[in-house]
Amino acid sequence: MPERPKAPRGTFDILPADAESRARLHELAAGAFGAAGYGRIETPAFEQTDLFARAVGEATDIVTKEMFSFHDQGGRELTLRPEGTAPICRAYVEHGMHKLPQPVKLWYSGAYFRHERPQAGRFRQFHQIGVEAIGTNDPMADAETIILLDQLLRSFEVPGVTLRVGSLGTVSSRAAYREELRDYLRAHQAELSPEVRERIEQNPLRAFDSDHDQTRAVMAQAPQMIDRLDDADAEHLAAVERLLRESGVEFERDGSLVRGLDYYTRTVFEFTSDALGAQSALGGGGRYDGLIDELGGPPTAAVGWAAGVERILLAVAAEPPEPTADVYVAADGDAERERAFALVTELRRAGMVAHLDLARRSIKGQMKQADRAGARHAVLIEADGASVRDMSSGEQTGLDLAHAVEVLSS
Ligand code: HAM
């Protein structure tokens, strides 16, 4: 027996039974984002590696250990996109979108790739839905994007959702804070996990994300950026919080909220669900006022988020919906089967969901299939005519095939 190929570790197939709730999520997202003036954008699945190193940050986990990077035949360094914000900012600069009326509001949906240790809710190829509002520093844009994710999670009925909101200040105010935090971490070195200890110089804020008990105890007492915000940053956060409150969005302020990407400034936020396990983040994002500038565009403020499609689906754990169909056309014998085929084609062209047997089952077997398909009507085509059965009442009447579409669509 030849070895059977398997999907690569950390990847999965989306089978028809799972496809329907995904499609519903996308429909809800497209509706909500379109209504708020966001246009769809799609960028390539891979980019030049340098884009992510510059945008996401050289010292982040994503860039140091999680990227699927490769050289193409021309020796170029490429990377399967681990996230969507950097590519969208690249596209904004490349297409001169700063010349359009600002802000430019975009939404996206696609596959992303991170070489993480696979576990429940964590994959190496996963899907994100996200929005970015580029070219505005108005706190209303922060609130608008947060409200969009809140609305999406509500309309999809995701249970046990919590929203945490924080602020990381600006690059300059954060520099002084990082120094203060480094001093604090150095003073507690002995209690920290080796991983956190190693990153005191490069990435001290990640210590807040550690799941090492002693490190967590140290971090519970650590100074927080949210208490070091300058007046303008503090007012920005207060304005976002006010808008959320006025819109009836519940949230907790969280001074220890740090994100795994370096481009954030000011507002950061994360939605979690207690219906998920260790990987409880449904989605998150924040402001990234320096990123477009960093990528060679004009200084441009922006805010956005991305949500994990699989996480949302897992939290809802939706049963696949029962199948439904308008008509199942049953027939036995070559001539009858061809008439059935013609009828099904005609019904489908008229917009009905119509099925027929492609496995040469007996009539009894076909009626069982009609039942399984959730058909409202079954049509039986025989040599001397046709009949239609109402599948719920069992009532059966003769059917003139010339008027089948009319009869069956009524
Ligand atoms: P992120 O927090 O890295 O942010 O990812 C967003 C969401 O993607 C996470 O909350 C999670 O639901 C999902 N996710 C991440 N990694 C995995 C994985 N390995 N398997 C399954 N789901 C995963 C970003 O990517 C930013 N670009 C968000 C953003 C947009 N910030 C501003 N604009």
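How far from an oxygen atom of the ligand does a polar side-chain atom of Gln128 lie? The distance is 3.1 Å. Hi everyone, let me walk you through this one, and please keep in mind that we're looking at a predicted model.

Let's stay at the ligand for a bit. Gln128 isn't alone there: Glu132 has a side-chain N or O atom 2.8 Å from a nitrogen atom of the ligand. Then there's Tyr264, where an N or O atom of the side chain sits 2.6 Å from a ligand nitrogen. And how much of the ligand's accessible area does the protein cover? On its own the ligand has 660 Å² of it, and the protein covers 96% of that.

So who's doing the covering? There are 27 residues around the ligand, and the closest ones are Glu83, Glu116, Phe123, Glu132 and Tyr264. If you sort that shell by class, you get 11 nonpolar residues, nine polar ones and seven charged ones. In terms of strands, β6 (125–134), β10 (281–287) and β11 (302–308) each bring at least two residues to the shell. Which element gives the most? That would be β10, with six residues.

Now hold on to Tyr264, and look at Arg259. You'll find Arg259 in the loop between β8 (252–253) and β9 (265–273). Is Arg259 buried or exposed? Its relative accessibility is 15%, so it counts as buried, the cut-off being under 20%. The Arg259 side chain makes a polar contact with the side chain of Tyr264, at 3.0 Å. It also makes one with the side chain of Glu270, at 2.6 Å. So here's the little chain to trace on your screen: Glu270 to Arg259, Arg259 to Tyr264, and Tyr264 to a nitrogen atom of the ligand.

OK, let's zoom out to the whole protein chain. It has 14 helices and 16 strands. The chain is divided into domain 1, which is 16–169 + 229–316, and domain 2, which is 325–408. Their C-alpha centres lie 48 Å apart. For the overall dimensions, the C-alpha trace spans about 90 × 55 × 45 Å along its principal axes. The radius of gyration is 27 Å, whereas a compact globule of 410 residues would come in near 22 Å. As for burial, 49% of the 410 residues are buried.

Last stop: some backbone oddities. Most residues other than glycine have a negative phi, and most peptide bonds are trans. With that in mind, which two residues does a cis peptide bond join here? Gln102 and Pro103, with omega at about -5 degrees. Pro103 is in the loop between α4 (85–94) and β5 (104–113).

Then we have a couple of positive phi values. Glu157 isn't a glycine, yet its phi is about 60 degrees. Glu157 is in the loop between α5 (139–155) and β7 (161–167), and at 65% relative accessibility it counts as exposed. Arg360 is another non-glycine with a positive phi, near 50 degrees. You'll see Arg360 in the loop between β13 (354–356) and α13 (363–372). Arg360 is exposed too, with a relative accessible area of 54%.

That's my tour. If you open the model afterwards, begin at Tyr264, one of the closest residues to the ligand, and step from there to Arg259 through their side-chain contact. Thanks, everyone!

How values were computed:
Residues numbered from 1 in each chain as written. Predicted model: local features only at pLDDT ≥ 70, side-chain atom pairs only at ≥ 80, totals over all residues. Heavy atoms only, no water. Near = heavy atom within 4 Å. Polar contact = N/O pair within 3.5 Å; in protein donor to acceptor, adjacent residues only side chain to side chain. Areas by Shrake-Rupley, 256 points an atom, 1.4 Å probe, with all protein chains shown as cover. Helix = DSSP H or I, 4+ residues; strand = E, 2+ residues; numbered from the N terminus. Nonpolar A, V, L, I, M, F, W, Y, C, P; charged D, E, K, R; others polar. Domains from an automatic or database assignment. Rg over C-alpha atoms; globule rule 2.2 N^0.38 Å. Buried < 20%, exposed > 50% of the residue type's maximum accessible area, 1.4 Å probe, protein only.
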